[in-house]
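Here is a walk through one protein model, from the overall picture down to a handful of residues. Keep the viewer open as you read.

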Amino acid sequence: LAPTGAGAATARLLNEQGVARFQGGDYAGAVDALRQAINQAPDNATIRLNLVQALNGWGVELGEKNDYANALRRLEEARRLDPQHAAVRTNLAVLRMNYGTFEMEKKRFRAAERLLTEAYETADARRLAQIDERRATLYLLWAREQRAGGRVDEAERRLKKSLQIAPTFVCARNASMFESASSCAGSSSSGKLERLNGPSVA
């Protein structure tokens, strides 16, 4: 049931506080207020979306500060709240793909692959090319790791997969990009975290 009386008023006030903090760049403060708001009104879709956006913003901020473990925690929380949110999925994949790339185990590449595939399947048409670049970059990085480990045939398959996804993408045009795949990921749009527009007042 929707909250009434004092509970509804408290939820609205906390949501407004969260929106104001988000707009001021205080993502941690926004998340704190919005968590309290959603506790007061757990079925309020606007507050839930605002919390997802605030968690995404906080995750991006932490990622840009190289605090990857906490960035992943914030984004995982956002994903639990909205499993279909394409931007959150994409940001999770970017963090897993770009940071600590050379220490990644196979399961982490698989996790990034799964998240980007899910993001692609739920994204609107305007974002498909951007996600394809990220997917192509993932396979280039994966191929580089496999080549470094002596798994040349597997590396070749990853490179071909990258070319199939984004044949005109500059980082997927030449096998010599194996030598600079990590800088490619860092310099192109495929390696950047995605901020969202500000939340709204319920």
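## Overall picture

Let's start with the outside: about 10,000 Å² of the protein chain is exposed, and carbon and sulfur atoms supply 48% of that area. Bear in mind that this is a predicted model. The chain has 202 residues, and 48% of them count as buried.

As for secondary structure, the protein chain has nine helices and zero strands. Reading from the N terminus, the elements simply go α-α-α-α-α-α-α-α-α. What share of the contacts joins residues at least 24 apart, if you take contacts between residues at least 6 apart in sequence? The figure for this chain is 61%.

## α1 against α2

Helix α2 covers residues 27–40, and α1 packs on it at an angle of about 165°, with the two axes 8 Å apart. Angles over 145 degrees count as roughly antiparallel, so that is the label for α1 and α2. The crossing of α1 past α2 is left-handed.

On the α1 side, the contact uses G7, T10, A11, L14, N15, Q17, G18, R21 and F22. Facing them in α2 are Y27, G29, A30, D32, A33, L34, Q36, A37 and Q40. Sorted by class, this contact holds eight nonpolar, eight polar and two charged residues.

R21, which sits in helix α1, deserves a closer look. Is R21 buried, partly exposed or exposed? With a relative accessibility of 33%, R21 counts as partly exposed. Setting aside neighbours within four places in sequence, R21 is in contact with D26, G29, A30, D32 and A33. Take D32 from that list: R21 and D32 are 11 residues apart in sequence, and their C-alpha atoms are 9.8 Å apart in space.

## α1 against α3

Helix α1 (residues 6–23) also packs against helix α3 (residues 45–64), here at an angle of about 25° and with the axes 11 Å apart. Angles under 35 degrees count as roughly parallel, so α1 and α3 get that description. Their crossing is left-handed.

Who makes the contact? From α1 come A11, N15, V19 and F22, and from α3 come I47, N50, Q53 and A54. The tally by class is five nonpolar, three polar and no charged residues. A11, N15 and F22 may look familiar, since they also turn up in the contact of α1 with α2.

## α3 against α4

Next along is the pairing of α3 with α4, which pack at an angle of about 160° with their axes 8 Å apart. That angle makes α3 roughly antiparallel to α4. Once more you'll find a left-handed crossing, with α3 passing α4.

The contact draws R48, L51, V52, L55, N56, W58, G59, L62 and G63 from α3. The α4 side brings Y68, N70, A71, R74, L75, E77, A78 and L81. By class, this contact splits into 10 nonpolar, four polar and three charged residues.

One of the charged side chains here is E77, found in helix α4 (residues 68–81). Is E77 buried or exposed? Since buried means under 20% relative accessible area, E77 makes the cut at 16%. Apart from residues up to four places away in sequence, E77 touches R35 and L55. Between E77 and G59, which are 18 residues apart along the chain, the C-alpha separation is 9.8 Å.

## Two residues further along

R89 has its place in helix α5 (residues 86–98). Despite its charge, R89 is buried, with a relative accessible area of 6%. Which residues does R89 touch, not counting those up to four places away in sequence? They are R79, P83, Q84, L115, E118, A119 and T122. Going by C-alpha atoms, R89 is 9.2 Å from A78, and the two are 11 residues apart in sequence.

Last stop is Q130, in helix α7 (residues 128–148). Q130 is partly exposed, with a relative accessible area of 26%. Its C-alpha atom is separated by 9.4 Å from that of Y120, 10 residues away along the chain.

How values were computed: Residues numbered from 1 in each chain as written. Predicted model: local features only at pLDDT ≥ 70, side-chain atom pairs only at ≥ 80, totals over all residues. Heavy atoms only, no water. Helix = DSSP H or I, 4+ residues; strand = E, 2+ residues; numbered from the N terminus. Buried < 20%, exposed > 50% of the residue type's maximum accessible area, 1.4 Å probe, protein only. Contact = heavy atoms within 4.5 Å. Areas by Shrake-Rupley, 256 points an atom, 1.4 Å probe, with all protein chains shown as cover. Axes fitted to C-alpha atoms, helices over the stretch in contact; angles between N-to-C directions. Parallel < 35°, antiparallel > 145°, perpendicular 65-115°, else oblique. Left-handed = near helix turned anticlockwise from the far one by under 90°. Nonpolar A, V, L, I, M, F, W, Y, C, P; charged D, E, K, R; others polar.
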